[in-house]
Amino acid sequence: MTVELSRQEARRIAVRAQLLDARRPADLFDVVSRLTFLQYDQTAAVAPSADLVAWSRLGSSYRTSELAEGLTDRTYVELRGMIRPMDDIPLFRAEMAAHSAPDSQFGHPSAQHWVDANDKFRRDVLEILDVDGPVLQSAIPDTAQVPWGSSGWNNNRNVSMMLECLIVRGEVAVADRDGRERLFDLARRVYPDDVVPGEEATRIRSERLLRSLGLARKSDAGEPAVIEGVRGHWRVDPFFLEGEFQGRTALLSPLDRLIFDRKRMTDLFEFDYNLEMYKPAAQRRWGYYALPILSGDRLIGKLDATTDRKQGVLRVDAVHYDEPVAGDVEDAVRHEIRDLARWLHVGLDLPA
């Protein structure tokens with residue numbers, strides 16, 4: 001049977017699934033496990049995205065050191081730009097093994113052929129890690145026989161591309177970070193030995209992904225659904241078809257999963273938003289790194305703010321509401337802005 005949902009019901013499912021309703025999660029591990037990953041991004045106009053995502057769920061009790069400590073003690077691990085629970089790695093090991101097969105085609109269409117053509121380079125990297133790992137990327141020499149060819153910025157970046165290919169193949173893993181630079185080691189010294197078989201792993205990952213989103217278009221899990229006023233067929237996690245919704249106000253990272261899929265965001269929330277950091281200043285409507293504002297089950301505006309670390313202040317240039325808001329809503333938004341400054345341990349420059 002197909003589940004019929006109103007747009008409001010669909011929004012509320014999405015908000016609950018992303019842990020952005022009034023029932024806050026218990027701790028960081030609860031957040032990362034439910035969301036399945038935090039996207040690693042070094043942009044810190046306000047704060048790094050992974051930390052902003054955690055703060056949006058946990059509030060100012062969240063300490064950024066928790067994530068760093070979790071990566072160091074390997075509660076979490078960085079896999080292809082995503083911070084995941086280490087306990088989830090067995091769900092990826094079968095896929096990694098398949099990518100190392102001779103007839104595998106992974107990532108870039110020619111990546112497997114490039115690795116094969118650079119087998120000595122590959123073995124050089126593995127030997128260095130075996131003897132000296134964990135090793136900074138900058139300490140690994142480039143002994144490529146065939147350079148990586150690209151029209152983009154990865155052209156001839158042979159060490160970084162080989163490491164990425166070996167991560168995909170499950171031979172190399174990110175062991176930790178030294179500041180912004182990654183340390184690499186052999187995967188067998190970083191990952192658990194357990195491997196969940198391919199089909200079972202795919203099923204579990206699909207179910208967990210849908211649980212983190214609440215509803216999605218492309219999924220083999222859950223139940224079929226349609227959303228009033230929205231084209232296409234969806235799948236919904238039946239867990240969210242029960243229970244009352246209690247909303248709250250939250251400031252979101254521009255990379256937050258609730259709004260990362262811009263088409264899904266538009267379909268469910270009818271919200272106009274794009275990250276404008278790559279636009280010339282004169283073409284920006286909302287700001288360099290504007291934070292979407294969630295109020296209950298609606299996205300109501302954008303916060304244009306930056307953290308001036310030299311001056312020790314969170315500088316708010318504007319709060320852009322899409323429509324006029326009630327006084328209590330504006331008060332709730334200002335409360336979140338003050339909480340953000342408190343969490344950042346800086347002062348607040350907020351227009352009256």
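**View 1. Q39 and its bridge partner in a small sheet.** In β4, Q39 finds its bridge partner in M82. Please keep in mind as you look around that this is a predicted model. The pairing of β2 with strand β4 (residues 82-85) runs in the antiparallel sense and covers two bridges. Step back a little, and three strands come into view as an open sheet, ordered β2-β4-β3, with antiparallel pairing. β2 and β3 (76-79) are the edge strands, each pairing on one side only. As a reminder, strands of a sheet pair through backbone hydrogen bonds, either parallel or antiparallel.

**View 2. The cavity lined in part by Q39.** Stay with Q39, since this residue also belongs to the lining of the largest cavity, together with F37, L38, S49, A50, V53, L255, D256 and R257. Two elements, β2 (38-39) and α3 (49-58), give two or more residues to that lining. Which of the elements gives the largest share? That is α3, with three residues. About 60 Å³ of space lies inside, and the structure holds one cavity of 30 Å³ or more. Sorted by class, the lining has five nonpolar residues, two polar ones and two charged ones.

**View 3. R57 and D256, a buried salt bridge.** D256, one of the residues lining the largest cavity, takes part in a salt bridge with R57, where the closest N and O atoms are 2.5 Å apart. This pair links distant parts of the chain: R57 sits in helix α3, while D256 lies in the loop between β11 (249-251) and α10 (257-260), 199 residues apart. Are the two partners buried or exposed? R57 has a relative accessible area of 0%, so it counts as buried. D256 is likewise buried, because its relative accessibility is 0%.

**View 4. R203 and E207 within helix α9.** Here is a salt bridge inside a single helix: R203 and E207 both lie in α9 (residues 198-213), four residues apart, or about one turn of the helix. Their side chains meet at 3.3 Å, N to O. With a relative accessible area of 42%, R203 is partly exposed. E207 is partly exposed too, at 38%. It may help to recall that side chains of opposite charge can pair when their charged atoms come close.

**View 5. R217 and D267, partners from distant parts of the chain.** R217 and D267 form a salt bridge in which the closest N and O atoms are 2.4 Å apart. R217 belongs to the loop between β8 (215-216) and β9 (223-227), whereas D267 is in helix α11 (residues 262-269), and the two are 50 residues apart. How do the partners compare in burial? R217 is partly exposed, because its relative accessibility is 30%. D267 counts as buried, because its value of 15% falls under the 20% cut-off.

**View 6. A network of salt bridges.** For a last stop, look at D119, R122, R123, R169 and E171, which are linked in a network of salt bridges. Across the structure there are 26 salt bridges, among them the R57 and D256 pair of View 3, the R203 and E207 pair of View 4, and the R217 and D267 pair of View 5.

How values were computed
Residues are numbered from 1 along each chain as its sequence is written. This is a predicted model: local features need pLDDT of at least 70, side-chain atom pairs count only at pLDDT 80 or more; totals for chains, interfaces and linings use all residues. Side-chain values use heavy atoms; hydrogens and water are left out. On a 1 Å grid over the protein atoms alone, a cavity is a set of points where a 1.4 Å probe fits but cannot get out, and a pocket is an open set with protein on both sides within 12 Å along at least five of seven lines; lining residues have an atom within 4 Å of a point. Grid points are joined across faces, edges and corners, and a volume is the space filled by probe spheres set on the points. Ala, Val, Leu, Ile, Met, Phe, Trp, Tyr, Cys and Pro count as nonpolar, Asp, Glu, Lys and Arg as charged, and the others, Gly among them, as polar. Buried means under 20% relative accessible area, exposed over 50%, partly exposed in between (1.4 Å probe, protein chains only). Two strands pair if DSSP finds at least two bridges between them.
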